[in-house]
Amino acid sequence: MKEISITSSFNVYDNIEELSEEIQNLMQQAVEIRKKAYAPYSQFRVGAALLLDNGEIVLGSNQENAAYPSGLCAERTAIFYAGSRYPEAKILKMAITAASDTNQTTAPIPPCGSCRQSIAEYEIKQDTPIEIYFMGEIGEVYKSASLKNLLPFMFDKKFL
Ligand code: THU
């Protein structure tokens with residue numbers, strides 16, 4: 001028997017003002033699209049903003065459904081649109097913010113497992129890391145320099 005260990009590291013910022021203007025702008029766009037989320041069942045609104053290497057910004061919010069599993073998270077709404085509309089572009093940065101209609105979300109909200117797997121696909125496809133910044137409504141912002149920190153030991157095409 002042997003043990004292996006995988007380390008993930010993140011940068012933690014006290015608040016969004018500690019980040020560059022570019023990231024503040026990207027996060028602000030995530031906030032604006034978050035407010036347009038369709039979340040009548042969870043009242044939990046998520047916004048995602050992607051900066052592409054062609055300068056475009058692609059936005060997405062969570063879209064829920066009365067048949068719950070048919071809804072989609074903000075991150076995948078955005079990344080699938082980017083993949084559809086700009087298939088040749090690389091996704092450089094991603095800003096994510098979440099807020100509940102019922103209580104204040106102060107903890108940084110990381111993407112769910114299905115979103116991590118979907119983001120991984122595009123990071124591998126483009127062979128360039130995607131910087132991921134995530135926060136709640138206020139407070140700390142986490143930065144992951146690559147999706148790999150969020151999904152160690154991932155399943156990908158090399159196993160097929
Ligand atoms: N949600 C996201 O949009 N992104 C995540 O990574 C986590 C969860 C959405 C899905 C659902 O509409 C609501 O948040 C509550 O789970």
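## What packs over helix H2

In this predicted model, the buried residues of helix H2 are covered by, among others, strands S2 (44–52), S3 (57–61) and S4 (91–100), along with helix H3 (113–126). The residues being covered are Ala-74, Glu-75, Arg-76, Ala-78, Ile-79 and Ala-82. An arginine and a glutamate are on that list, side by side with alanines and an isoleucine.

As for geometry, H2 runs over 12 residues and spans 16 Å between its first and last C-alpha, close to the 16 Å you'd expect at 1.5 Å a residue.

## Glu-75 up close

Glu-75 sits in H2. Is its side buried or exposed, going by relative accessible area? Glu-75 has a relative accessible area of just 4%, so it counts as buried, the cut-off being under 20%.

Leaving out residues up to four places away in sequence, Glu-75 touches Val-46, Ala-48, Met-94, Ile-96, Pro-111 and Cys-115. Set that against the elements around H2: S2 covers 44–52, S4 covers 91–100 and H3 covers 113–126, and each of these helps cover the buried residues of the helix. There's also a backbone approach to look at: the C-alpha atoms of Glu-75 and Gly-60 are 6.5 Å apart, with their positions 15 residues apart along the chain.

## The largest pocket

Glu-75 turns up again in the lining of the largest pocket, together with Phe-44, Val-46, Asn-62, Leu-72, Cys-73, Ala-74, Ile-109, Pro-110 and Cys-112. The pocket's volume comes out at about 150 Å³. If you're thinking about chemistry, the lining splits into 8 nonpolar residues, 1 polar and 1 charged.

Which elements each supply at least two residues of that lining? Strand S2 and helix H2 (74–85) do. From the H2 range, Ala-74 and Glu-75 are on the lining list, and both are among the buried residues of the helix.

## Helix H3 and its surroundings

H3 has 14 residues and reaches 20 Å from first C-alpha to last, close to the 20 Å expected at 1.5 Å a residue. Its buried residues are Cys-115, Arg-116, Ser-118, Ile-119, Ala-120, Tyr-122, Glu-123 and Gln-126. Cys-115 is one of the residues that Glu-75 touches.

The cover over the buried part of H3 includes H2, S4 and strand S5 (131–135). Just after the helix comes Asp-127, with a positive phi near 55 degrees.

## One cavity

The structure holds 1 cavity of 30 Å³ or more, and about 60 Å³ of space lies in the largest cavity. Its lining is made up of Leu-52, Ala-82, Gly-83, Tyr-86, Ala-89, Ile-91, Tyr-122, Lys-125 and Gln-126. H2 and H3 are the elements giving two or more residues to that lining, and H3 has the largest share, with 3 residues.

By type, the cavity lining holds 6 nonpolar, 2 polar and 1 charged residue. Tyr-122 and Gln-126, both part of the lining, are also listed as buried in H3, while Ala-82 is buried in H2.

## What the UniProt record adds

The unreviewed UniProt entry lists "domain: CMP/dCMP-type deaminase" at residues 21–149. In the model, that span is 31% helix and 26% strand, and its end C-alpha atoms lie 24 Å apart.

The record also places a "coiled-coil region" at residues 9–36, again from an unreviewed entry. Here the chain is 50% helix and 11% strand over that stretch, with the end C-alpha atoms 32 Å apart.

How values were computed
Residues numbered from 1 in each chain as written. Predicted model: local features only at pLDDT ≥ 70, side-chain atom pairs only at ≥ 80, totals over all residues. Heavy atoms only, no water. 1 Å grid on protein atoms, 1.4 Å probe; cavity = no way out; pocket = protein on both sides within 12 Å on 5 of 7 lines; lining within 4 Å. Points joined across faces, edges and corners; volume = space filled by probe spheres on them. Helix = DSSP H or I, 4+ residues; strand = E, 2+ residues; numbered from the N terminus. Nonpolar A, V, L, I, M, F, W, Y, C, P; charged D, E, K, R; others polar. Expected span 1.5 Å × (residues − 1). Buried < 20%, exposed > 50% of the residue type's maximum accessible area, 1.4 Å probe, protein only. Contact = heavy atoms within 4.5 Å. UniProt positions renumbered as here; feature names shortened; annotations may be inferred.
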